[in-house]
Amino acid sequence: MFWNNIAGVYDIFVKVINRRTHNELKGIVGKYIDSRDNVLECAAGTGMLSAVIAERCSTLVATDFAPKMIKRAEKNCSSYTNITFEYANIMSLKYPDDSFDKVIAGNVIHLLDEPLKALAELNRVCKPGGLLIIPTYMNRDKHDKKSTLTDSVGKAGADFKQYFNVISYIDFFKTAGYDDVKVELADGRIPCAVATMTKLI
């Protein structure tokens, strides 16, 4: 499994190769987290956003589909006592309906065969009035061309299933029924668009 295989070196991508994007991303996501929030994070990876969230929330359940990513995240976030790390499949979450104040899925939508199914699961476990926060790498430019770097990463094994630019990313959520979707861009070598929207009832 590609993501298990790169778990040991993924932090180099986070902290060095795409550092500018990730620094901006952490600032954007962090401002949406409140001290009373109980948060679910899917696709936590090695814990870059987990640390930002844990600093600000009441409790965090941080999950990933790759067990080695979760182990790495546990190590990176060992100083936080309000995080529970779990293996989870974003396509079929085990949590009850209406469980979390904020639900976050970072940089995973573009990797999924059925992103709308995953979005429905994220929506299901979010509380009424709660917020979905979904950052995703922009792997097409404003002219709808694949970026050279993301194309190379894809050929290395990341297996992108969706190719978004900011406009098509907004359209993705509007098609799913989210009329209040807002997108903020974290710019860098591989930009990341952070979509936020209120849970659909």
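Q: Which side chain does a polar contact of 3.5 Å join to that of D101?
A: The model is predicted: local features need pLDDT of at least 70, side-chain atom pairs count only at pLDDT 80 or more, and totals for chains, interfaces and linings use all residues. Residues are numbered from 1 along each chain as its sequence is written, and side-chain values use heavy atoms, leaving out hydrogens and water. A polar contact is a pair of N or O atoms within 3.5 Å; within protein, one must be able to donate a hydrogen and the other to accept it, and residues adjacent in sequence count only if both atoms are side-chain atoms. Joined to the D101 side chain at 3.5 Å is that of K127.

Q: Which backbone nitrogen does the side chain of D101 reach?
A: D101 sits in strand β4, residues 100-105. Strands (E, at least two residues) and helices (H or I, at least four) are DSSP runs, numbered from the N terminus. At 2.8 Å, the D101 side chain reaches the backbone nitrogen of N38.

Q: What share of the protein's residues counts as buried?
A: Buried means under 20% relative accessible area, exposed over 50%, partly exposed in between (1.4 Å probe, protein chains only). The protein has 201 residues, with eight helices and seven strands. The buried share is 52%.

Q: Which element supplies the largest share of the largest nonpolar core?
A: Such a core is a set of buried Ala, Val, Leu, Ile, Met, Phe, Trp, Tyr and Cys residues joined through side-chain atoms within 4.5 Å. The largest has 31 residues; L40, I90, L122, L132, I134 and F173 touch the most other members. β1 (38-42), β4, α6 (115-125), β5 (126-137), α8 (166-175) and β7 (192-198) each give at least two residues. The largest share, four residues, comes from α6.

Q: How many residues make up the second, separate core?
A: A44, L60, C77 and L131 are among its members. This core has a residue count of 28.

Q: What is the angle between the ring planes of F172 and F173?
A: Rings of Phe, Tyr and Trp (its six-membered ring) pair if their centres lie within 6.5 Å; planes under 30 degrees apart are stacked, over 60 edge-to-face, the rest tilted. Six aromatic pairs result. F172 and F173 form an edge-to-face pair, 4.9 Å centre to centre. Their planes stand apart by 75 degrees.

Q: Which residues form one aromatic cluster with F172 and F173?
A: F172 and F173 are both buried. Their partners in the cluster are F164 and Y169.
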